[in-house]
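This briefing is meant to be read beside the sequence and the coordinates. Please keep both in view while going through the points.

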Amino acid sequence: MKLPFLDKDGTKIYYVSERALNPDSRETIVFIHTNISDHTIYDSIVSRLRVNYHTVLYDLRGYGKSDRGDAAFSFDTYVDDLRFLIDSLDLGPVYLVSMGFSSLIALQYTQEHEDMVKKNVLISMVFFPEESVSSVRRHRRQLLLGGRSRPLGDYITKMSTVLKPEHEGYKKLRHLIWNVDFSLYEKIMEFTISTDPTPYMRAIRTPSFVLSGEKEALFPTNLLAFNAIYLKRFQYAVILNASSFIMLDQPDLTASMIEAFLRSAPEEIHTQDEFVDFMHESVRRYSRDIYLEGKNQQNVNTIHVDL
């Protein structure tokens, strides 16, 4: 059987495209996986969402069945790969579902091609506070000491799901992580750490849904809730009894919440009332200013001592 690939300047990008079970469906969801898995991480929710939506999943370059490519590449390369996929398959305006690192891809693509994105679903959106960057780098390097990828793989699996080791979902996640090229993982982590999502978030007006697990360890719910206010049109929700991989921990709830958001009319996000719309924007800006004031005050109160 011939596998479906797109050829982008000699680099093969693997994708899976399936029609909706509902013959009247005209809408498409494109799923973008994170930097420690491949497209199959979404299997448990795609089977539910495919009832009413055409679905397209693909492996990021260097992951799954996609080539890494010979040339040096950057974060912008991954954004352009998404553009190439959507254009090549002639998908038209789509819904984007992304997670972790790929939420940055989705945000930048949306900023550059806002007319091609109906709505964004951002799962466990990455947002590294500036003061944590050096600690994250050091922690990852220690776990990869001597080129050993398994300690990091085991650590990430344990921290990213509430499932027990004997659960099939846990085994799947561990298998996916163990099969990641960790030299590529290091490169992608550097993209992730050094990319600030706020300029993209400020620039777009596309309705966005920020989703995270109640037990998310790296990007706790309060951090994501505060930073979501940079988005002009957003909803935020927490999935109970779930960690980073909410699609494994709570697949039914995750799928139903995503579908409810996609099916809601844009007007339902902002009531079509001049006063209510004004108040919503005023409160959003006020919340953002309070958050920034708190961050600035924290910096003022911090004492640095060099011994």
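What follows treats the chain as a whole, then a set of paired strands, then the aromatic residues and finally one loop serine.

The model is predicted, and its chain has 307 residues, of which 49% are buried. Its secondary structure consists of 13 helices and eight strands.

**Chain as a whole**

- The chain exposes about 15,200 Å², and carbon and sulfur atoms supply 51% of that area.
- Among the contacts with a separation of 6 or more, 77% are between residues that are 24 or more positions apart in the chain.

**Strand β5 and its partners**

- Strand β5, which covers residues 94–99, has six of its six residues buried, so it is largely enclosed by the rest of the structure.
- In a regular strand the side chains alternate between the two faces of the sheet.
- In β5, V94, L96 and S98 point one way while Y95, V97 and M99 point the other way, and all of these residues are buried.
- One partner of β5 is strand β3 (28–32), and the two pair in the parallel sense over four bridges; within this pairing, F31 has V97 of β5 as its bridge partner.
- Another partner is β6, which runs parallel to β5 and is joined to it by six bridges; V94 has V117 of β6 as its bridge partner, and S98 stands opposite L122 in β6.
- Helix α3, which spans residues 101–112, combines with β5 and β6 into a β-α-β unit that is right-handed.

**Strand β6 and its link to β7**

- Strand β6, made up of residues 117–123, is mostly covered, with six of its seven residues buried.
- Besides its pairing with β5, β6 is joined by four bridges to strand β7 (residues 208–213), and these two strands also run parallel.
- In the pairing with β7, V121 stands opposite F209.

**Aromatic residues**

- The structure holds eight aromatic pairs, and in the pair of F182 and Y185 the ring centres are 5.4 Å apart with the planes at 55°, so this pair is tilted; the angle falls between the limits of 30 degrees, under which planes count as stacked, and 60, over which they count as edge-to-face.
- F182 and Y185 both belong to helix α7 (residues 182–194), where they are three residues apart, or about one turn of the helix, and both residues are buried.
- F73, F75, Y78 and F101 form one aromatic cluster.

**The loop serine S25**

- S25 is placed in the loop between β2 (11–18) and β3 (28–32).
- Is S25 buried or exposed? With a relative accessibility of 6%, S25 counts as buried, because the limit for that class is under 20%.
- A polar atom of the S25 side chain lies 2.7 Å from the backbone oxygen of N52.
- When neighbours within four places in sequence are left aside, S25 is in contact with A20, N52, Y53 and H54, so that N52 appears both in this list and in the polar approach just described, under the 4.5 Å cut-off that applies to contacts.

Definitions and conventions: Residues are numbered from 1 along each chain as its sequence is written. This is a predicted model: local features need pLDDT of at least 70, side-chain atom pairs count only at pLDDT 80 or more; totals for chains, interfaces and linings use all residues. Side-chain values use heavy atoms; hydrogens and water are left out. Buried means under 20% relative accessible area, exposed over 50%, partly exposed in between (1.4 Å probe, protein chains only). Two strands pair if DSSP finds at least two bridges between them. A crossover is right-handed if, with the strands pointing away from the viewer, the path from the first strand over the helix to the second runs clockwise. A polar contact is a pair of N or O atoms within 3.5 Å; within protein, one must be able to donate a hydrogen and the other to accept it, and residues adjacent in sequence count only if both atoms are side-chain atoms. Accessible areas come from the Shrake-Rupley method with a 1.4 Å probe; for residues, only the protein chains shown count as cover. Rings of Phe, Tyr and Trp (its six-membered ring) pair if their centres lie within 6.5 Å; planes under 30 degrees apart count as stacked, over 60 as edge-to-face and the rest as tilted.
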